[in-house]
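Please open the model in a viewer and keep the selection tool at hand. The tour begins with an enclosed space and then moves to a group of paired strands.

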Amino acid sequence: MNIYAEFHLRIAAILDRFGKEGLLPQNLDAARFVVEPPRDPAMGDLACNAAMVFAREAKEFYPNPRQLAADLAFQLTQEPEVDQAEVAGPGFLNIRLKPRIFADILRVILVERGDFGRGPAGRVAARKVNVEYVSANPTGPMHIGHGRGAVFGDALAGLVEFAGSQVTREYYINDAGAQVDVLARSAYLRYLEALGESVTIPEGLYPGDYLKPVGAALAKQYGGSLREQSEAEWLGPVRDASIEAMMAMIREDLAALNITHEVFFSERSLHVKNNGVSDVEAAIDDLRAKNLVYEGRLPPPKGQLPEDWEDREQTLFKSTDFGDDVDRPLKKSDGSYTYFASDIAYHRKKIEAGYDVLVDVWGADHGGYVKRMNAAVVALSGGATTLDVKLCQMVKLMREGEPVKMSKRSGDFVTLREVVDEVGVDAVRFMMLTRKNDAPLEFDLAKVIEQSRDNPVFYVQYAHARAHSALRQALAAFPDLDLSGPKLAAADLALLVDESEQALVKLMAQYPRVIESAATAHEPHRLAFYLHELASFFHSHWNRGKDQPQLRFVNQDSRDLTCARLALVTGLINVLASGLSVLGVKAPEEMR
């Protein structure tokens, strides 16, 4: 029950009727206006900007937006749920609903429980969504920066799924570039070490201890035979064994965060010929058939020329036709394909799989790559498939305000697994969502395990546990109480007359709107912020009860009032548990 979406539909219907009656232009785009909670709750329950948004189109009929807002307000007062509708400022519309409406919403929350706010009732347009996230190079354990993209992508997938879309979680294995050859050479040195040789890891190779088990496994499998081969002979088998070991490690790291992917896609597979043609070649042929690939020269980059700059004829994709800054090379000077060519082929596979929306979660250092990838997806799909690239900024790992940088296991960074083992899954997942993905994040290992209001994950989980403690107190006072949702939904909710109680219900009523808007924008931090706001309001209400006994949830002198307030508490439990579940965070019933 999304009261905001419901009134958006009603106002759109009024505007449509005005158009048919000649009072407004017809076919106004209803997606342009919003119905949302007013910034100041004293102004009402719903706010709408339709009259302001359509001021230009409506000017012939309504010279002043306030006039259109006044007519909309009059029409809305005819609705049985509306208590009052008023015009504010230059043409905003404020709507106050009858109290029974929010009592009805609380009853829905009690009956629907974890399904409250779930799609397809929402208006999230995408039917089939692919979320590709993590996609770390298979060259070692994941670090805390990978963890942010992992949590963001997983929470986003859960959010969009809850909002009503079919979601696939995908990991793109970068197993075709030079970095995996470096991995193989690093593992080979550990292989020699396992055979008893003294080795030094030179600069440019991977020094971490995590490759020692790989070297030991190679020694067990091959004995000393690899030493007798040239690099050209041992590189392939060692590379394959190393990638397999690294992906097993990465899967374990992800599992520690309760993250699983349905698809692990190998970049190398794009270069394998099938019926004489690889996926990369097929993708380029596809673009060439659309007259989007040509042989030409690129202008030199502005500023100082890089050392590897070559003024040469090359195969180029017309990405400037789709808003990019320059056309992009598809082949290197040695005739091999660029990384971009592989990425084109990879996204073409997703498009062929029928996804409506592709979401790629990348590190912030890939920002310069976004335009060309968007250009390729538009070119390949004819605009039918949307690509949304989400960039995750760096994570600054701290301990009591001091930077934490080194790890023996990895050689030069703190691994994600070390952080999860120290502070727990819930702390890592929730804290990664306490900032928007494109904002830097400071992660203090000491603060995220504090049991204080300054620790967001504790504060939200504690609200859930505190609410459960109220239920336990009620059963101690009234042992025969039935606390099931349907039974509490039958309570006399008109007894919830305190302003704070009513405000709490109204805040819970926003949950479906938060789910819908966060899923549409691909911004799971909105849900984390909402849960923190809801928890904060509940804690404040609880603390009022300490000073004012008449506000406490359990009133031994009134069973009916207790039941009404337990309905409020249980509604809060349902919303908090649902939101935490969407973000992949536990909702404990007790905290010690």
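The largest cavity has a volume of about 30 Å³, in a model that is predicted, with pLDDT of at least 70 required for local features, 80 or more for side-chain atom pairs, and all residues used for totals of chains, interfaces and linings. Residues are numbered from 1 along each chain as its sequence is written, and side-chain values use heavy atoms, with hydrogens and water left out.

A cavity is a set of points, on a 1 Å grid over the protein atoms alone, where a 1.4 Å probe fits but cannot get out; lining residues have an atom within 4 Å of a point. Searching the whole structure yields one cavity of 30 Å³ or more.

Select Met 43, Gly 44, Gln 84, Ala 85, Glu 86, Asn 94, Ile 95 and Arg 96, which line the largest cavity. Strand 3 (82–88) and strand 4 (92–97) each contribute at least two of the lining residues; strands are DSSP runs of E, at least two residues long, and helices runs of H or I, at least four, numbered from the N terminus.

Next, select strand 11 (residues 357–363), where six of the seven residues are buried (under 20% relative accessible area, 1.4 Å probe, protein chains only). Add strand 5 (residues 128–132), which runs parallel to strand 11 and is joined to it by four bridges; two strands pair if DSSP finds at least two bridges between them. Here Val 131 stands opposite Val 359.

Finally, add strand 12 (residues 386–392), paired in parallel with strand 11 over seven bridges. Leu 358 has Leu 387 in strand 12 as its bridge partner.

How values were computed: Buried < 20%, exposed > 50% of the residue type's maximum accessible area, 1.4 Å probe, protein only. 1 Å grid on protein atoms, 1.4 Å probe; cavity = no way out; pocket = protein on both sides within 12 Å on 5 of 7 lines; lining within 4 Å. Points joined across faces, edges and corners; volume = space filled by probe spheres on them.
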